[in-house]
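Trainee: Got a minute? I'd like to go through this one with you.

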Amino acid sequence: MSSNPQPSQPVDHLFRHARLATLVADDTRPSNGPSNGPSYRPGYGLIDDGALAVRDGRIVWLGSDATLPRFTARQETDCQGQLLTPGLIDCHTHLVWGGDRFQEFEMRLEGVAYEEIARRGGGIVSTVRATRQASEQALYEAALERLRCLSAEGVTTVEIKSGYGLDVASECRLLRVARRLGEQQPVRVRTTFLGAHAVPPEFAGRADDYMDLVVGDMLEAVVDEGLADAVDAFCEGIAFSPSQVERLFLAAKPHGLQLKLHAEQLSNLGGSALAARHGALSADHLEYLDEAGVEAMAAAGSVAVLLPGAFHFLRETQRPPVELLRRHGVPIALATDLNPGSSPLYSLLTALNLGCLLFNLTPTEALLGVTRHAAQALGLDDEIGSLEVGKRADLALWGVTEPAALMGQLGFNPCRGRYLDGRLCWVGEADAPGERP
């Protein structure tokens with residue numbers, strides 16, 4: 001007697017015949033076995049001819065298509081063997097600003113150093129002037145165009161920092177714009193309060209007095225409106241000292257805000273170790289990071305966010321200590337650092353390429369850096385960043401089969417579909433294959 005067939009399970013979206021890059025494997029570098037053959041794929045967690053089922057915005061099943069349970073899907077996508085990855089995550093941007101700084105680009109090419117431009121009233125402060133003059137709607141519309149560039153490359157989550165207002169009203173306005181982008185556009189947005197980005201002109205020579213404002217009225221206004229998920233600061237000789245940064249960290253913690261830090265970009269002030277002592281999610285830039293800082297980050301579980309766009313545009317020569325980070329097991333993330341001055345980089349795919357070619361990351365490390373480790377840098381690794389049952393179905397479908405194709409070329413965008421909670425929210429130039437309601 002034959003048994004009764006199992007009833008089919010309803011799901012919202014079923015992806016079939018995909019090459020799944022789950023990004024759940026831990027082996028990101030070669031071990032004792034062969035590592036140079038075409039079949040070696042460390043750390044990608046690949047499933048060939050895979051399937052993935054989504055219900056209520058979350059992954060409820062994934063595995064080989066041959067073992068697919070009986071599902072009744074409201075929508076089904078035949079991926080035709082193409083690569084399906086977690087949606088990409090840009091975990092460090094300054095997306096909202098007014099004006100531009102193209103003149104400074106020319107100045108740097110003429111030999112003027114970034115620090116000197118800042119001391120002459122350029123740099124961050126020049127963007128502050130333009131941003132303060134811009135309306136909230138103008139800031140939103142400009143930021144939306146930038147966001148669309150990232151979204152078109154499979155980015156489903158973006159961190160957006162303030163830091164170009166540097167007064168109470170303007171900082172809140174920037175964060176409101178960032179929140180609005182997340183509310184009105186099909187993308188996840190995490191907001192970071194970066195009031196300690198630079199000392200504004202009205203506080204010139206009075207950094208401590210300005211920090212009083214940041215940890216006082218400015219932080220209070222941000223918290224009262226619920227505008228930030230984290231706080232950040234620029235710990236550098238042209239910005240704020242470790243002791244000033246620590247004041248911000250101590251003020252932010254009682255409000256439940258996560259901590260992040262721009263550290264060791266231009267010199268080594270020990271900012272990364274400070275951030276690690278306070279349990280920061282990440283320390284970012286890190287060109288001048290030393291082994292003591294690496295050890296502190298490893299002990300705290302802080303993520304090293306590398307920003308090759310800034311390294312490239314500033315024509316730096318001091319590279320982050322990638323081998324030290326590997327040796328001590330510090331997770332490495334990559335981001336665009338999209339901003340008007342030091343990294344006007346609108347492409348996370350380009351950041352992947354630069355991370356490999358400028359910082360010697362492997363393709364696996366680079367892809368982990370914009371998925372699983374980027375999620376960790378935002379405190380979202382329980383929700384996004386890898387393809388696992390229970391996680392949100394934020395996905396990117398690519399018109400390629402090899403993960404290395406995402407960083408092994410420039411000027412070509414192979415994204416064919418971007419999905420938020422399993423729902424198609426962007427289609428590439430060549431429509432996502434097999435879409436049917």
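Trainee: Which element gives the largest share of the lining of the second largest cavity?

Mentor: Strand E8 does, with three residues. A cavity is a set of points on a 1 Å grid over the protein atoms alone where a 1.4 Å probe fits but cannot get out, and lining residues have an atom within 4 Å of a point. Strands (E, at least two residues) and helices (H or I, at least four) are DSSP runs numbered from the N terminus.

Trainee: Before we go on, what sort of model is this?

Mentor: It is a predicted model, where local features need pLDDT of at least 70, side-chain atom pairs count only at pLDDT 80 or more, and totals for chains, interfaces and linings use all residues. Residues are numbered from 1 along each chain as its sequence is written, and side-chain values use heavy atoms, with hydrogens and water left out.

Trainee: OK, back to that cavity. What is its volume, and which residues line it?

Mentor: The second largest cavity has about 50 Å³, a volume being the space filled by probe spheres set on the points. Its lining includes Glu159, Arg190, Asp229, Lys260 and Leu378. Strands E8 (188–196) and E10 (258–263) are the elements that give two or more residues to that lining.

Trainee: And by class?

Mentor: Four are nonpolar, three polar and four charged. Here Ala, Val, Leu, Ile, Met, Phe, Trp, Tyr, Cys and Pro count as nonpolar, Asp, Glu, Lys and Arg as charged, and the others, Gly among them, as polar.

Trainee: How many cavities are there of 30 Å³ or more?

Mentor: Three, from a search of the whole structure. The largest holds about 110 Å³ of space. Its lining has 14 residues, and Tyr114, His197, His262, Asn339 and Ser342 lie nearest the centre. By class, that lining has four nonpolar, eight polar and two charged residues.

Trainee: New topic: what is the volume of the largest pocket?

Mentor: About 280 Å³. A pocket is an open set of points with protein on both sides within 12 Å along at least five of seven lines. The largest pocket has 14 lining residues, with Ala118, Val125, Ala198, Val199 and Ile238 closest to its centre.

Trainee: Which helix gives the largest share there?

Mentor: H2, with three residues. Helices H2 (114–119) and H3 (124–133) each supply at least two. The lining divides into eight nonpolar, five polar and one charged.

Trainee: Now packing. At what angle do H6 and H7 pack?

Mentor: About 10°, with the axes of H6 and H7 (residues 242–252) 10 Å apart. So H6 and H7 are roughly parallel, the word for angles under 35 degrees. Axes are lines fitted to C-alpha atoms over the stretch in contact, and angles run from 0 to 180 degrees between N-to-C directions.

Trainee: Which residues touch?

Mentor: Among them, Met211, Val215 and Leu219 of H6 and Gln244, Arg247 and Leu248 of H7 make the contact, meaning heavy atoms within 4.5 Å. The contact of H6 with H7 has eight nonpolar residues, one polar and three charged.

Trainee: And how do H5 and H6 cross?

Mentor: The axes of H5 (residues 168–184) and H6 (residues 207–224) come within 9 Å and cross at roughly 45°. That makes H5 oblique to H6, oblique being whatever is left after roughly parallel, roughly antiparallel (over 145) and roughly perpendicular (65 to 115). The contact includes Val168 and Leu175 of H5 and Leu213 and Met218 of H6. By class, the contact of H5 with H6 has seven nonpolar, no polar and two charged residues.
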